[in-house]
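Colleague: I have a few questions about how the descriptions of this model were reached. Show me the structure, please.

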Amino acid sequence: MGYYIAPRFLNKLAVHITKNFLNLPGVRVPLILGIHGHKGEGKTFQCELVFDLMGVEAVHISGGELESPDAGDPARLIRLRYREAADLIRTRGKMAILMINDLDAGAGRFDQATQYTVNTQLVNGTLMNIADNPTNVQLPGSYDDKPLPRVPIIVTGNDLTTLYAPLVRDGRMEKFYWEPNREDKIGIVGGIFEPDELSKSDVETLVDTFLEQSIDFYGALRSRIYDEQILGFIESVGFARVGKQVVNSAEKPPSFKKPDFSLSHLIEQGKLIVNEQRRLQELRLAAAYNIGASNSQPNSSQDSAPAPTTQYERGNGSTRRNAEVDPPRQTSNGHNYSKPQATTIDSEVVQQVQTLLAQGYRIGVEYVDQRRFRTGSWQSATVIQAQDKSEAIATLESCLADHENEYVRVFGIQPGDRQRVMETIIQRPSR
Ligand SMILES: Nc1ncnc2c1ncn2[C@@H]1O[C@H](COP(=O)(O)OP(=O)(O)OP(=O)(O)O)[C@@H](O)[C@H]1O
């Protein structure tokens with residue numbers, strides 16, 4: 001496969017790395033480069049391509065390593081890996097960097113309801129400390145007074161605003177928002193399909209047909225084209241024997257003839273993948289399961305109304321409607337629901353809010369525009385702290401007004417483990 005690196009990406013990374021190895025008089029160079037943007041757009045992959053091209057040694061940490069049951073472990077790991085990279089520079093005389101993938105997944109705070117753990121605080125603090133003193137990074141229990149070479153740090157993430165704000169300030173972290181434009185996509189997709197001899201115009205048509213899709217989609221599409229042949233192979237060997245044939249087999253590995261990489265076939269298969277994405281977005285089975293789970297909460301308040309068990313869809317335009325909501329109802333213990341006030345919000349949503357508040361949940365609100373809806377890149381609008389239903393509904397109404405013509409969803413945030421329940425899309429843009 002002919003890998004293509006978008007020139008903007010290459011330039012940004014090459015300058016950041018090189019600048020950190022130069023001694024520019026009177027210039028304070030940020031140690032960290034934060035590459036952020038939507039998922040699957042090739043942030044990590046292209047970093048690796050740049051490291052290969054430039055002969056840079058990369059020492060990795062992934063976001064998943066930044067939590068641990070033992071407080072302090074991840075911060076120690078960062079210092080350890082930083083010193084490993086410094087050692088590579090010293091002993092091999094090569095450029096080396098520390099690469100932290102998906103930093104926000106490990107050290108971010110996704111909404112006001114998620115708390116910093118001791119580890120996330122320490123990780124943010126450690127990175128700040130290293131950015132301020134890159135030549136003096138010590139491990140607990142020992143002190144090395146020999147200054148270290150400076151090791152540039154590259155972090156990737158979807159939303160770096162979830163990190164501790166002083167860490168991302170300009171002196172410490174240079175930011176690079178990566179969103180490939182049409183030209184970048186044509187170059188990258190051309191590289192992905194290079195072995196399949198797709199013409200330039202076919203690549204352009206493919207990109208234009210699925211312009212909203214991330215780079216990841218095209219890799220998945222290429223892999224999917226092989227599915228028909230693989231199924232043919234499984235059927236020829238037999239479903240029961242295929243395991244023996246492909247794992248530790250003495251026989252020659254199967255070979256496949258070149259599948260149909262015609263443009264029309266690619267578009268047809270691409271549409272199937274898009275349909276699957278759409279179903280995933282719209283079905284939201286997890287939300288339905290959560291609703292079921294929250295219904296069976298043993299300690300749910302007696303005053304709370306039964307939670308709706310299914311999601312509902314809007315008709316045309318928006319889910320919101322002008323409604324004088326439900327009349328007061330009486331619970332089994334004789335308590336009245338207070339009569340809801342007139343609101344522009346659908347009565348089911350009002351009831352959902354009431355249920356969540358009664359069960360002690362906080363209410364998260366997220367929004368996303370039409371384009372990002374397809375990639376599932378929801379952003380936090382607010383977490384409603386109000387205990388009082390009218391106040392909560394008023395906040396929700398103002399959120400809906402702020403995000404008119406965008407998707408808006410609400411969900412309950414369980415106290416303690418902060419799990420989401422009853423996630424429901426309450427507004428959809430009118431097209
Ligand atoms: N330049 C490229 N050439 C070929 N394939 C690429 C290129 N860039 C990305 N890809 C494909 O896209 C996939 C996703 O890329 P990558 O994991 O780097 O995305 P990301 O932006 O880091 O995503 P996330 O934010 O979810 O971690 C890769 O596994 C690869 O298949």
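Colleague: Which element gives the largest share of the shell around the ligand?

Modeller: H2 does, with 5 residues. Bear in mind that this is a predicted model. H2, helix H6 (182-192) and helix H8 (215-225) are the elements that give two or more residues to that shell.

Colleague: What makes a residue part of the surroundings of the ligand?

Modeller: Its C-beta atom, placed from the backbone, must lie within 6 Å of the molecule. 21 residues surround the ligand. Lys 39, Gly 42, Thr 44, Phe 45 and Gly 219 are the closest. The shell divides into 8 nonpolar, 8 polar and 5 charged residues.

Colleague: Why is the ligand said to lie between domain 1 and domain 2?

Modeller: Domain 1 (7-177) and domain 2 (182-282) both give residues to the shell, so the ligand lies between them.

Colleague: How do you know that strand S1 pairs with S5?

Modeller: Pairing takes at least two bridges. S1 (residues 32-36) and S5 are joined by 5 bridges, so they count as paired. The two strands run parallel. Ile 32 has Met 173 in S5 as its bridge partner.

Colleague: Why are S2 and S5 called edge strands?

Modeller: The open sheet has 5 strands in the order S2-S3-S4-S1-S5, with parallel pairing. Strand S2 (57-62) and strand S5 (173-177) each pair on one side only. From one strand to the next, the twist averages 20 degrees.

Colleague: What does helix H2 touch on the sheet?

Modeller: Helix H2 (residues 43-54) touches S1, S2, strand S3 (96-101) and strand S4 (153-157). Its direction makes about 155 degrees with that of S4.

Note on methods
Residues numbered from 1 in each chain as written. Predicted model: local features only at pLDDT ≥ 70, side-chain atom pairs only at ≥ 80, totals over all residues. Helix = DSSP H or I, 4+ residues; strand = E, 2+ residues; numbered from the N terminus. Axes fitted to C-alpha atoms, helices over the stretch in contact; angles between N-to-C directions. Contact = placed C-beta atoms within 7 Å. Nonpolar A, V, L, I, M, F, W, Y, C, P; charged D, E, K, R; others polar. Domains from an automatic or database assignment.
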